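Colleague: Could you walk me through this model before I set anything up? I'd like to go through it topic by topic.

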Amino acid sequence: MLTQPIYATITNMQNYDVIIIGAGHNGLVCAAYLLKAGYSVLLLEKRSVPGGAATTEECLPKEAPGFKFNLCAIDHEFIHLGPVVQELELEKYGLKYLECDPVVFCPHPDGKYFLGHKSVEKTCAEIAKYSERDAQKYAEYTDYWLRVINGISPMFNAPPNSIIDIAGNFNLNKFKDVLAVAGSVNKTMDFVRNMLSSAEDILNEWFDSEFLKAPLARLAAEMGVPPSQKNLGIGAMMMAMRHYPGMARPLGGTGALVQALVNLVQSQGGAILTEQQVEKVLIDDNKALGVRVDGGKEYRAKYGVISNIDAQRLFLQMVDKNDVDAVEPNLWSRLERRIINNNETILKIDLALDEPLIFAHHQHQDEYLIGSILIADSMAHIEEAHSKCMIGEIPDVDPSMYVVMPSALDPSLAPSGKHTLWIEFFAPYQIKGAEGIGLNGTGWTDELKHKVADRVIEKMADYVPNLKKSIIARRVESPAELGERLGAYKGNYYHIDMTLEQMVFFRPLPELANYKTPIEGLFLTGAGTHPGGSISGMPGRNCARVFLHSQQPVVQTLKDARNTIMGMMSSVQGIGNRE
Ligand SMILES: Cc1cc2nc3c(=O)[nH]c(=O)nc-3n(C[C@H](O)[C@H](O)[C@H](O)COP(=O)(O)OP(=O)(O)OC[C@H]3O[C@@H](n4cnc5c(N)ncnc54)[C@H](O)[C@@H]3O)c2cc1C
């Protein structure tokens, strides 16, 4: 992605209105909105490239030159539920999305397979090859979850405490979908019950076939918990999102989204400094004045400091306890003990391939390679893959995994005729019984990560017999290394867990849930804030709105109210598409 270092000339630190800690995609989105509103912004990023968990890098330059790898995020869905791409006109800055269709392929050990297309009808036709009943149920199931998604998405695109903002995001279609899901007492009770259930319960209620339930459970577990986790029935919507708004990837890899944001930020006069690890937030008299980076250099901010890293890291690592105690005596211990990070994270494998995957036992078709490839043999397989991580065991006896061959959709990612392979294997951060060993005492050593990677590749080869002979080079990143690279506690790429008690008004804690903190001028954005992790840009956009509101409450409220009224008027006129 970014082969050039990023330079910015800083002549006078006092000229920056806002400093953002971390240049993940949410920090960059936030910066873009503030720059457009006329504020000067400096982003300080600890790595040598911006993007956080959204980079594309040529990380095997010697062994596999010309192969570009998405080190973390690859499939973009949530960002298409919000207005960030359009509002920031990111296409003008070089972003081009390639839509995936088919969206999912999941080969089953008995020779059946699930092939999910963007079209619900085509997907039902695939399911009907094996089960007429499940095909029919799939259409009803998807319709229900699409209505849920449409009905709740206005909340994603607004600060949780802003009723005006949330109301402004509704239109007639969204109201209709809310009514369809919760328009009577019984429907509401049923909806609440779904939310309190587990994805496993919901899938068992709707479907009979394992070849269908397993991939849906696998996608639900992307929330970072096993499918049996109660109170996370919302995970059942994950496949529906691949039908609407659909799934896409930026041409050139996820890093191309970051590059477009960098282009926009720099074109608006924003500065991004890399290799600047922030160590301290400078606070005086309960007001954030700036930051100090590794090496001692200080940067001052006139109006605010915004953190793209979560509240736990921000406060416990970068703020003096005395400054926190002075404003909220309980906050320190609540940050330490009440925010939940389970033990699950990812062991990431990137392969450079000489030839494409061939699913020899499943009547191979090249279209299988476009979307995500799920190795999910049964619901029990997925359950084991996620529940073992929680207790510190590596689920590698029979690995389940999420695989993508991104160069099938976007050949620019590899030299002509060659391919890249992205493998996500869920693994524990801290290995039970190996405390004190390996990187950061997690138990992860180079030898172990390669042993686990060998098992993962072995399992994949059961489905793709040509895999092993086609590997040119590989990169394996252990959970401990991922945590180091992202700077995230326990390698949590959602910054904090995506469980119900940490969502919306509770993310990360009720007293910090509206992007503000008790320290004046210190704001939070990023995956650790509402609506959470993944590539969405929503936390960045929502935080920018809260910041702007804090600067000009009256003007901003009037603007929001005007937008709300205009939104309602256009909804009365009715808009044809599901949006
Ligand atoms: C392997 C993997 C696969 C994933 N796949 C997908 C996917 O397919 N689709 C999807 O939607 N999501 C996916 N995700 C999740 C998604 O990538 C993240 O939730 C999202 O990128 C978080 O963005 P962010 O901007 O909030 O935070 P981050 O990307 O974590 O950005 C925070 C930034 O702060 C920087 N930083 C940290 N500490 C400091 C410091 N002290 N000083 C200065 N800078 C600092 C970091 O280097 C980083 O650049 C995946 C994540 C992983 C790890």
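Colleague: Is cysteine 106 buried or exposed?

Modeller: In this predicted model, cysteine 106 is buried, its relative accessible area coming to 1%.

Colleague: And where is the closest cysteine sulfur to the one in cysteine 106?

Modeller: The closest one belongs to cysteine 100, at 16 Å from the sulfur of cysteine 106, which is too far for a bond. Cysteine 100 counts as buried as well, with 0% relative accessibility.

Colleague: How many disulfides does that leave in the count?

Modeller: The count is 0 disulfides. A disulfide joins the sulfur atoms of two cysteines covalently. Seen from cysteine 100, the closest cysteine sulfur is that of cysteine 106 at 16 Å, so a bond is ruled out by distance, the cut-off for a disulfide being 2.5 Å.

Colleague: Switching to charges, how many salt bridges are there?

Modeller: The count comes to 36 salt bridges. One of them pairs the side chains of lysine 348 and aspartate 350, with an N to O distance of 2.9 Å, and both lysine 348 and aspartate 350 are buried. Another links glutamate 355 to lysine 469, where the closest N and O atoms are 3.0 Å apart.

Colleague: Now the domains, which segments make them up?

Modeller: The domain assignment gives domain 1 as 13–54 + 81–95 + 252–339 + 492–536, domain 2 as 119–248 + 566–573, and domain 3 as 342–484.

Colleague: How far apart are the C-alpha centres of domain 1 and domain 3, and how many residues are in contact?

Modeller: Those centres lie 30 Å apart, and 5 residues of domain 1 are in contact with 9 residues of domain 3.

Colleague: What area do domain 1 and domain 3 bury between them?

Modeller: They bury about 500 Å² between them, with 42% of it on carbon and sulfur atoms. On the side of domain 1, Gly252, Tyr493 and Asp497 lose the most area to domain 3, and together they account for 75% of what that side buries.

Colleague: What about polar contacts and salt bridges between domain 1 and domain 3?

Modeller: There are 3 residue pairs in polar contact between domain 1 and domain 3, both residues being at pLDDT 80 or more, whereas the count of salt bridges between these two domains is 0. The residues of domain 1 that touch domain 3 divide into 1 nonpolar, 2 polar and 2 charged.

Terms used. Residues numbered from 1 in each chain as written. Predicted model: local features only at pLDDT ≥ 70, side-chain atom pairs only at ≥ 80, totals over all residues. Heavy atoms only, no water. Domains from an automatic or database assignment. Contact = heavy atoms within 4.5 Å. Buried area = accessible area lost by both parts, 1.4 Å probe. Salt bridge = Lys/Arg side-chain N within 4 Å of Asp/Glu carboxyl O. Polar contact = N/O pair within 3.5 Å; in protein donor to acceptor, adjacent residues only side chain to side chain. Nonpolar A, V, L, I, M, F, W, Y, C, P; charged D, E, K, R; others polar. Buried < 20%, exposed > 50% of the residue type's maximum accessible area, 1.4 Å probe, protein only.
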